[in-house]
Amino acid sequence: MQSRRSGVSSERPVVLLGAGGHARVVLDLLRLRGYQVVGVCAPELPAGSQWQRLSALGEDVVLEALDPAEVWLVNGIGPMSGNMVRRRVHEEGSVRGYTWLTLDHPSCVRAEDVSLAEGVQLMAGVVVQPGCRLEAGVVVNTRATIDHDCQLDEHVFVGPGAVLCGAVKAGRGVFIGAGAIVLPGIHLGEGAIIGAGAVVTRSVEAGRTAVGSPARSIK
């Protein structure tokens, strides 16, 4: 395997949504990849103010005034704002006709047959092994490992250093905390939350939260 770029032209300017910690990481990746980032949208940034050497465009309603054929969007909203917020913004942008950039860090290693949908983000040191499918809006954070034949549905968020062993299936909107380990063949139901450092030895039902080693559902 080797690191390879997502293949999207960097000629079209980019608008970043979000202004928290995850947005700073994404912005660094965009600049590293040579994209022209022309502004940032976040409700906490007054229009015309500056953030990380970018001009604030105002809240995301400003997207109604932009042309989806002329700019790419990048979702910099992290899970601390709630995965539902991140998902809603992605879906609203798609309805308006925008394209969400798929990004991978130069140090990311992924197999040639890995399937990446629109808006996937693979951060520094990530490894994605053969046969994996990552659907729209999935984020795999720093040094996380996705082993062979895993399937991650829309808007799954994988924390730094997490390990998904072979053939794990994560439903839509699943959150996997930093350093968690999910053993082979486990199914994580839609909206499940896996706590940081958890070792998941059995499947987790939709909407449940699992913590500890071995992980147990607490709600």
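This report describes strand pairing and one helix in a predicted model.

## Basis of the description

The model is predicted, with local features requiring pLDDT of at least 70 and side-chain atom pairs counted only at pLDDT 80 or more, while totals for chains, interfaces and linings use all residues. Residues are numbered from 1 along each chain as its sequence is written, and side-chain values use heavy atoms, with hydrogens and water left out.

## Strand pairing around β4

Strands (E, at least two residues) and helices (H or I, at least four) are DSSP runs numbered from the N terminus; two strands pair if DSSP finds at least two bridges between them. Strand β4 (residues 54-58) pairs with β2 (residues 37-41) in the parallel sense over two bridges. In this pairing, Val40 stands opposite Ala56.

Strand β4 also pairs with β3 (residues 50-51), here in the antiparallel sense and over two bridges. Gln50 stands opposite Ser55 of β4. The hairpin of β3 and β4 has two residues between the strands, and Gln52 adopts a positive phi near 50 degrees.

## Helix α2

Helix α2 comprises 13 residues (83-95) and reaches 18 Å from its first C-alpha to its last, close to the expected 18 Å at 1.5 Å a residue; the expected span is 1.5 Å times one less than the number of residues. Its residues Asn83, Arg86, Arg87, Val89, His90 and Gly93 are buried (under 20% relative accessible area, against over 50% for exposed and in between for partly exposed; 1.4 Å probe, protein chains only). The buried residues of α2 fall within an arc of 165 degrees seen down the axis, so they line one face of the helix; the arc is that of the directions from the helix axis to the C-beta atoms.

The face of α2 turned away from the buried side carries the exposed residues Met84 and Val95. Just after α2, Gly97 takes a positive phi of about 95 degrees.
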